[in-house]
Amino acid sequence: MAVPGSRGGLAPRAHLGGPHGAGHRWPWRVLLLAWLSLGCGIGTVQGSAPEVLVQGPEPPARARPRRQLARGAWGPWGPWSACSSSCGDGVAFRARRCLRSPPEEPCTGDPRQYRLCQLQGCPGGSVPFRAMQCSLYDDKPIPGTQARYRWVPFYGAPNACDLNCLAVGHNFYYTFGRVLDGTRCGPDSPELCVGGRCLSVGCDGILGSGARPHACGRCGGGQDGCLVVHRLFQGTEPPSGYFGYMNVTKIPAGATNIRVTDKSRNYLALMTSDGRYVLNGDWSIAWPGPYEVAGTRLLYARSPDGTESLEAAGPTDEDLHVLVLLQEPNPGIEYEFWLPRGHPQPADTSPLRQPQPRGAGSPPPAEPPAPTPPPRTQGHTTEPLPPRTPPGRSGAAAGRCGRCRPPKGRSQRIRHFCQSDFVFRARILAQRSVGQEMRYEVQVQTPYRHRFPLVPREYVWVPDACGCPSLLEGREYLLMARRHVNYEHTLNRILLQRDGYARPWSPHEDRLVREAARHCARPRPP
């Protein structure tokens, strides 16, 4: 059946062209037969060519498009398995099923998911996980030989997730299949072996997820979910010419990548949300170094040229207040931190009031501090600033203080209560003379009235150096005070006037002040 066609048409031509004599005897017949044979051959070999050229390939319209098959859907994840290890690091897994009918495509993705489970540390002297797996083959014959060996882990093989064990006392290793899931890829590797592969742990705890924390600390996502705060504080000292502490900014809880820089002879100070100084508070300068604050590690650096910096990775677990202890005009303090977009802000709703000694009201040190390192002691040491101008009690020395005149009577109690911004029961923790004022550190016990936020520990300022009203450390008082913010907004503090209401607290005083509250009109909004 293969003879007809092109090859059958060419056979007579090959056969007729062979004898030489016949071509001379009948030239016309030979030419005729050759022409017929050639014509037949062309028609047979290329006969299909005109058909192809004329008709061409089958039009695309006739081709039926392949129907896109539906893809199966994953069912819910099952529960997590028990951890692969009883102590230290291990892995747990969970599985899901692909729900599909026979014509549907398989699901995309992995049917299993692994996560890191970190248990309590293994007891001292415990055998490492990989070494334990190698020891299972001690004194057992290996394929191809009856020799028996003792085995220890070998980490120089190409695949770190194979159980490669070195024969003790010999220079060869043997591979006993794969290591168990949850085995470290190397002695100091953070990666774990799962299914024969080294997988790193994402910030979501899932092995191989590739999730990484972005700049503001949240796991996964891009930088679009972050808000960066980058500003330059250029506030100057109060017009009175006094130097002292000045607020710079508040760093909210949850902040990350914190950096504060100052290039001057001034000193950066840091305070927690409860009014406790962490750095350079109360006119004492701390040594540079690491500090633990607000759930993160803070690095305080200071160079000989006066440049200071505060750096912390975060995230912080409470608000931090940055201040500056002014020694010279402020050239500018640069600060930067990151927050998750939409991060809830702290409850302190006042843009001015912060739980710290507010503003500057003390004379500057006599000269720039040039401290020498004190002897080493346990805990954080401080280097004292040169003594300030002695606290002014010149009025007392000259006999100009006079007698204290505390308010008395029901009408005075009601008037002070209704006109005060803060009414609270407080324990006096400490007192200090600052310039011509007294500063009391108090612990707020019971707030009766506060038109602005109160924190558990506050500073109460009395613009008088004569000891009026008389407040003793360790005692509890009922205080009625006002909020004081000066024109330059460099002072924002709780102020108790010299003739303000300050009475020792007692249950009887508690009843009287609660009765006074009923005589006030509705408080004005702050």
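Leaving aside neighbours within four places in sequence, which residues is Leu 279 in contact with? In this predicted model, the contacts of Leu 279 outside that sequence window are made with Ala 269, Leu 270, Ala 286, Tyr 291, Leu 298, Tyr 300 and Leu 310. Leu 279 belongs to the largest nonpolar core, which comprises 41 residues, and together with Phe 337 touches the most other members of that core. A second core, separate from the largest one and made up of 19 residues, includes Ile 428, Val 442, Phe 452 and Tyr 477. In soluble globular proteins, nonpolar side chains tend to be buried together.

The model also contains an open sheet of three strands, arranged in the order E5-E6-E7 with antiparallel pairing. Strand E5, spanning residues 151–153, and strand E7, spanning residues 173–178, are the edge strands, each of which pairs on one side only, and from one strand to the next the twist averages 40 degrees.

Within this sheet, the antiparallel pairing between strand E6, formed by residues 162–167, and E7 extends over four bridges. Asn 164 has Thr 175 in E7 as its bridge partner, while Leu 166 stands opposite Tyr 173 of E7. The two strands E6 and E7 form a hairpin in which five residues lie between them, and the turn includes Gly 169, whose phi is positive at about 85 degrees.

Terms used:
Residues are numbered from 1 along each chain as its sequence is written. This is a predicted model: local features need pLDDT of at least 70, side-chain atom pairs count only at pLDDT 80 or more; totals for chains, interfaces and linings use all residues. Side-chain values use heavy atoms; hydrogens and water are left out. Two strands pair if DSSP finds at least two bridges between them. Axes are lines fitted to C-alpha atoms, for helices over the stretch in contact, and angles run from 0 to 180 degrees between N-to-C directions. A nonpolar core is a set of buried Ala, Val, Leu, Ile, Met, Phe, Trp, Tyr and Cys residues joined through side-chain atoms within 4.5 Å. Buried means under 20% relative accessible area, exposed over 50%, partly exposed in between (1.4 Å probe, protein chains only). Contact means heavy atoms within 4.5 Å.
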